[in-house]
Amino acid sequence: MKKNKDIVRKYNSIYDVMHIFITDGPYIYDEDHPGIYVARNDNNEIEKFTIMDWSKNKKLFEEKYPEYKEEN
């Protein structure tokens, strides 16, 4: 897994969507929780997240995936 500082985060404020890129893929998406999509590779390792309604789902995301919480 990449170090947290190497993870790329892109927020789309128009649609309130956060994209968190860990690697470049290829990957397959799965909806682990409503509005939280997790992309995994063939080895079931997490490659990317797409979180819809980020302002609403940020807390849930950080609780479920604390290792990907943004460092301040």
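Asp16 lies in the loop between strand E1 (8-12) and E2. The model is a predicted one, and this loop is a convenient place to enter it. Phi of Asp16 is near 55°, a positive value in a residue other than glycine. The relative accessible area of Asp16 is 13%, so this residue counts as buried, the limit for that class being under 20%.

The strands on either side of the loop belong together. E1 and E2 are paired through five bridges and run antiparallel. Asn12 is placed opposite Val17 of E2. The two strands make a hairpin with four residues between them, and the positive phi of Asp16 falls within that hairpin.

E2 also has a pairing with E5. Four bridges connect E2 and E5, again in the antiparallel sense. Phe21 has Lys48 in E5 as its bridge partner. E2 is thus a strand with two pairings to follow in the model: five bridges link it with E1, and four link it with E5.

From E5 the chain can be followed into the helix. Asp53 sits in the loop that lies between strand E5 (46-51) and H1. Asp53 has a positive phi as well, near 50°, and is a residue other than glycine. Its surroundings can be compared with the limits used for Asp16: Asp53 has a relative accessible area of 38% and is therefore partly exposed, whereas Asp16, at 13%, is buried.

A further hairpin is built from E3 and E4. Strand E3 (residues 28-33) has the lowest mean pLDDT among the elements of the protein, at 90, while H1 has the highest, at 96. For the protein as a whole the average pLDDT is 89, and 92% of the residues score at least 70. E3 is joined to strand E4 (residues 36-40) by five bridges, and the two run antiparallel. Asp30 has Val38 in E4 as its bridge partner. Two residues lie between the strands of this hairpin, and Gly35 in the turn has a positive phi of about 85°.

The count of salt bridges comes to one. It is formed by Arg40 and Asp32, whose closest N and O atoms are 3.1 Å apart. Arg40 has a relative accessible area of 19% and so is buried, under the limit of 20%. Asp32 is partly exposed, because its relative accessible area is 27%.

The last feature is internal space. Where is empty space left? Rolling a probe the size of a water molecule over the atoms shows this. The count comes to one cavity of 30 Å³ or more, and the largest cavity holds about 40 Å³ of space. Its lining consists of Arg9, Met18, Ile20, Trp54, Phe61, Glu62, Tyr68, Lys69 and Glu70. Strand E2 (17-21) and helix H1 (54-64) each supply at least two residues of this lining. H1 gives the most, with three residues. By class, the lining residues of the largest cavity divide into five nonpolar and four charged, with no polar residue. The cavity brings the account back to E2, the strand that follows the loop of Asp16 and that contributes to the lining together with H1.

Definitions and conventions. Residues are numbered from 1 along each chain as its sequence is written. This is a predicted model: local features need pLDDT of at least 70, side-chain atom pairs count only at pLDDT 80 or more; totals for chains, interfaces and linings use all residues. Side-chain values use heavy atoms; hydrogens and water are left out. On a 1 Å grid over the protein atoms alone, a cavity is a set of points where a 1.4 Å probe fits but cannot get out, and a pocket is an open set with protein on both sides within 12 Å along at least five of seven lines; lining residues have an atom within 4 Å of a point. Grid points are joined across faces, edges and corners, and a volume is the space filled by probe spheres set on the points. Ala, Val, Leu, Ile, Met, Phe, Trp, Tyr, Cys and Pro count as nonpolar, Asp, Glu, Lys and Arg as charged, and the others, Gly among them, as polar. pLDDT is the predictor's confidence in each residue, from 0 to 100. Two strands pair if DSSP finds at least two bridges between them. Buried means under 20% relative accessible area, exposed over 50%, partly exposed in between (1.4 Å probe, protein chains only). A salt bridge is a side-chain nitrogen of Lys or Arg within 4 Å of a carboxyl oxygen of Asp or Glu.
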